[in-house]
Structures are given as C-alpha cells and as structure tokens.
Amino acid sequence: MKGDRARLLSAALTVAALVLMGVMAVPLAAAETPSPPAGLSTAANFRTDTCSQYGVTAAPDADKDAKGQPIVSKPVDGKRPVPVILVHGWNGSTGTFTQPIDLFADGGDGGDGVKLPFSLTGQLENIPGLAIYNFDYSQYSNRWVNDSNIGPRLASAIECLTDFYGTKAEIIAHSMGGLAARFALDQKATKGPAIKDRVSQVVTFGTPNTGSAVAALAAKAIANGAASNLTRPNVASGVALAAWIITYICGRQMTHSTTDLTFPCDNLPSFITGFDSDAGQALRSGSPQLQALAAWPSTVHVTAVEGSTMFRGISLFGAGTDGPGINGGDVIVANDSASAGSGTVKDESCGFALAAGADGGDTFLQAFGPTLGAVKDGFIGHVFGKTNPCFHMNLLRTINGTNAAVGAVKPEAANASPIAGIKGTYTDRSPSDPVPGKRAAIVTITSVSKVSPSQTQTVIISGSGFGNQAPFNGDFPCIEVSDLTAGWNAGHGDPSYAPGTDTGASCGTAQESAVDLVTIRVTSWTDTAFTIAGFTGQYGNPYVLTSGDQVRFRVWNAQTGAGPASYTTTVQTTGSPY
C-alpha cells in the first residue's frame, strides 16, 4: 500500500514539476537528435552558400529512399527553384526537422503505426525544385525574436535567398520559430520589395501565437508560492521560492549565453534554465512582447498544424463514462493559440481516458482508441514523452503533420511565384548565352570520387551541364577547387583565359580566390563528367591537401558560363601530402 502511494506521489510531483517549469517548445529528446552530418550542407549544388552569413545553410542530404540511395535536392530544368526555410523553436535545433517520421495521430494512441525511412527534410528534398535551408538561431534562442540574431537576421536571410533565386520563399517553422517568422515578415528589406512580399506562405507547427497558458500559469504559481513563503513558510512554498530563485538566475544566464553557464544552471535541463529567460517570459500568454508582435501579413497564407490531446472519460474498475472530454491542445500550446491568424488549420487528434484496472491495480492513462489498450509507460511517459503523436515536440514526427506541410509547399515547386522587381542571380544569363532572353542550362554535380591527400591522384566529377572542354594543364575560369580548411584555391585563375574549345564564357572572377597559385591537370571534360589527374603549379607546403580538410569543387558551363554548381567533400585518410 505504501509503495502504491509512493508511486502515485512520485508521478504527481513529476507532473507538477513539468507544468511548473513550463515545458513549452522544449525538445525533450533533443539530446537524441543528431546534428546534421558535417560536409553535407553544400552538397546540393543548386543551393547557394552565399547567404550563410545570415544563419541559413543548405539542409543535409541525410535521408535515403526506398532503395537506400541518398535523397538529394535537385532543380527542375528550365525553372527557378523555390527556397524553403526551416526555422526551429525555443531551445531547439536544426535537428528538429531531421527526426524520423514514426507517429500517426488517429484519434487514439496511434504511436506505433508508422515507420517511414525519412524525415520532413527528406520529404521536402524529394520534391524537385525546392531548395531546402535551415535557419539556425539555437545559441540565441533564449532571447526574444526581436534580437538582432533572430527575427532581423531571418529577414536578412529571406532577402538574400530571394534575391538569389528571384522567387518567393516558403517557411516551415516549429513553435517559437513561427514567431521569429512573424517578426521577420514585418521588416523592410535593405532594397526592393518588403520581406512580406518575398514570402508566399508559412507552415507552423505548434506556434504559440498568443502564448502558452501553461507557461503563464506555471510562472504565476512559482511567483505566488515564493511570495507566500514570507508569511507562511512550508515545504511547498520553500520549493516555490527555490524554483523562483533558480529560474531567475539561470534565465539571466541563458539570455546572455546558452553555453556559458555556472552552477547549478550548467547541470539542469534547458526547459528549467530557460524558463525565466527573455524568451521564456515573452512566450507566456498575455506577455507585452507577444502583444507588440505584428500579426501575420494578409498577403502570406499561413497553414497551422496543431495537436489536440483529448482527455475523454473516466474508467474505474471496469465501469466508466465517456463524453466530449477536455482538449489539452498539444499539452503546451492550446489550439486557439496555435491557429491564431492562420488561413488553414490541420488538426492532429489523440484521445486518452483515465482508467483504473478492474482488479484494483495502479491508476494509469490509457489510449482511448480502437483497442483501449493500457499504455505501458503511464501518464508521464506517454502524454509528455515520445509516444504521444499530439505532444508539442512530436508534431514533426507525425505523418499527419509532415504530409500537411508537404502538401502546402509542393504546388509552389511546380509554379514558383516570381517577385516583382527581383530578377534573381540563380544560374542567370551570361553575356555569351547562345539564346538571348533564355536562361542558360542548369549545371549540377551529382558526385565527386574520393579525394586523397596527394598531389597526383584521379578525381572524377560527375553531373550534367558542364559543356565541353579540351584537356589542359593550368588554369581555366570555369573550374575552381578550394581547400576551405587550409584557405587556398586551385585552377580558377584569370577569368579572361579561355583555353581549348571555350567560347569566352564569363565564369566568375579571379578575385573570388584567396590564394590561387596552384593549377590543375584535366585529362577529360565532357557535359556529364570530367577528370582531374592531379595538382600542378605551386602545389606544396603550405598549399597541400591534408586528411580531414573540407574541399569544395565549383564548376561552370564551359560554353555559357552558367553555374556554378558546388559540391563539398572531405579529404580521405590515405596517401601522401606531397
């Protein structure tokens, strides 16, 4: 009997702690979410890296198709790509969008019904014509969205990408990421159309447009409990006072830096340390920061994906009732907050019933669905954990939610919206374009063979749109090999130099190279592949390839100057540095 009471008390305290600490937008499984693999951010050649100074990098091509082959973003020939920007939430990361899709919200538990081999990122990359980017503000996410590193920086990223592509961007955001997008859309561009006129639509997952009532209630409870400790000291008010002190101290630290923390903040979960940060305070319902935030622009369509955790009925010892129940939203954000200002709402519904076994066993929360089976991990593990499809942090793991996002953005890939007054520089016409007024052919790199730390080696670059060029040993303006780690380049040379069959294409400028004293020996060059047989010129210390160096290949079409296509890889561990 005592053991039963102890377990119930422990569960109750755990629930109270979660509610009091306001787990809004908190990635409970963040530690298990891998970071994007290094070296993949620029592998999709049609995605520019010129906007990385604004926090956007190409999403990793980490997912695989049914045949086990990497899913790689690709353009549609003759059409400009559409940039899609993924914006994570408070205390989140870009890993939010690479979680496997393994949940299905069917009105019941439904947590085990789906095992797809890819994530939302993979779903999007599988759509030709979409250029997928991550906007990463994780180290600043405990500041409010008006911080220069969040909303204003996202606005600059949108301006940069739309200037490059000449098409309107689309945004997919989780939680506070949607509020960062709202702030960004209210900004002016440095030149040309306003930011709101550069975005066609936004898809949000659990964005607290009017705040989180759970967080506001938790903050009020902690403050009231701490205040009551002055007049009525007891265990409960003492805990509240300690929580108030700790969350205040840690909140100030987290606002300043998410990594430079001192004891005890350095050993506490992020949802506790960030609870009273600038962002933690602003995300509470009724906060002045939320009230000052601009509404969604009427010209931008918003699709809101929300969770509906329905608590229906009570079953006690085999006898029970059923009714309309109580809608707990996604546990952190209520439905009216998640859908505020949106044009389309996609609801993910999960139902639960509080039940006690007919044999008088422990009380547990069970799925209210076709089977009415007991949930083995109980109340805390299920409602707040990894198996509730409708929980705030799991919305991006559901086939319901990710399909809604894909369905919203996919039509734009086939019919990209142009931006008035913005031509874009993506694969733009060069002076030697053989057909004036028509965009040159797209250049793509699909693979680069192994690169070793050797002067003499064979590297094969495969793809399409390279044009044709005679073999050469020296420099050529339509090829550049860059050791990004060591800071030197090879092969690009003087853009006016046009050996072999080149027709005078303009392929970038020599000023792009930090150091370009190394030349290359190309033994073949066709429209679909060319071979580099080694490095010549002043190759040697310090201009050498070293194991682990990041090496970028950029290629332009030898006839039209279209491009560049870009591919980054890592120098392998075999071979000699000379």
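**How the calls are made**

Me: Why does glutamine 123 count as buried?
Reply: Glutamine 123 has 12% relative accessibility. Buried means under 20% relative accessible area, with over 50% called exposed and the range in between partly exposed (1.4 Å probe, protein chains only), so glutamine 123 is in the buried class. Bear in mind that this is a predicted model, where local features need pLDDT of at least 70 and side-chain atom pairs count only at pLDDT 80 or more, while totals for chains, interfaces and linings use all residues. Numbering starts from 1 along each chain as its sequence is written, and side-chain values use heavy atoms, leaving out hydrogens and water.

Me: What is glutamine 123 in contact with, leaving aside its neighbours within four places in sequence?
Reply: Ile101, Phe118, Thr402, Asn403 and Val406, where contact means heavy atoms within 4.5 Å. Glutamine 123 itself lies in helix H2, residues 120–125. Helices (H or I, at least four residues) and strands (E, at least two) are DSSP runs, numbered from the N terminus.

Me: What makes the link between glutamine 123 and threonine 402 a polar contact?
Reply: The side chains are joined at 3.3 Å. A polar contact takes a pair of N or O atoms within 3.5 Å; within protein, one must be able to donate a hydrogen and the other to accept it, and residues adjacent in sequence count only if both atoms are side-chain atoms. The 3.3 Å value is inside that limit, so the label fits. Glutamine 123 also makes a side-chain polar contact with asparagine 403, at 3.2 Å.

Me: How do you know that H3 is largely enclosed by the rest of the structure?
Reply: Count its buried residues: twelve of the 15 in H3 qualify, so the helix is largely enclosed. Among them are Gly151, Leu154, Ile158, Glu159, Asp163 and Tyr165. The cover includes strand S1 (56–58), along with S2, S3, S4, H4 and S5.

Me: Which span should the 15 residues of H3 have, and what do the end C-alpha atoms say?
Reply: The expected span is 1.5 Å times one less than the number of residues. For H3 that gives 21 Å, and the end C-alpha atoms are 21 Å apart, which agrees. Just after H3 comes glycine 166, with a positive phi near 75 degrees.

Me: What goes into the largest nonpolar core?
Reply: A nonpolar core is a set of buried Ala, Val, Leu, Ile, Met, Phe, Trp, Tyr and Cys residues joined through side-chain atoms within 4.5 Å. The largest one has 46 residues, and Ile85, Val145, Leu154 and Ile171 touch the most other members. Elements giving two or more residues include strand S2 (82–87), strand S3 (130–135), helix H3 (151–165) and strand S4 (169–174). H3 gives the largest share, eight residues. Another core, of 34 residues, lies apart from it; Ile445, Cys478, Ile520 and Phe553 are among its members.

Me: What makes S3 mostly covered?
Reply: Six of its six residues are buried. Leu130, Ile132 and Asn134 are on one side and Ala131, Tyr133 and Phe135 on the other, and both faces are covered.

Me: Why is S3 said to pair with S1 and with S2?
Reply: Two strands pair if DSSP finds at least two bridges between them. S1 and S3 have three bridges and are antiparallel, while six bridges join S2 to S3, which run parallel; both counts meet the cut-off, so both are pairs. Alanine 58 stands opposite tyrosine 133, and valine 82 opposite leucine 130.

Me: Which residues of strand S12 are on its covered face, and which on its uncovered one?
Reply: Gln457, Val459, Ile461 and Gly463 are on the covered face; Thr456, Thr458, Ile460, Ser462 and Ser464 are on the uncovered one. In a regular strand the side chains alternate between the two faces of the sheet. S12 pairs in the antiparallel sense with strand S11 (residues 444–448) over four bridges, and with strand S17 (residues 529–537) over five.

Me: What makes tryptophan 488 and tyrosine 539 an aromatic pair, and what is its geometry?
Reply: The whole structure has ten aromatic pairs. In this one, the rings are 6.0 Å centre to centre with 80 degrees between the planes. Rings of Phe, Tyr and Trp (its six-membered ring) pair if their centres lie within 6.5 Å; planes under 30 degrees apart are stacked, over 60 edge-to-face and the rest tilted. So this pair is edge-to-face. Tryptophan 488 in strand S15 and tyrosine 539 in the loop between S17 and strand S18 are 51 residues apart, and both are buried.
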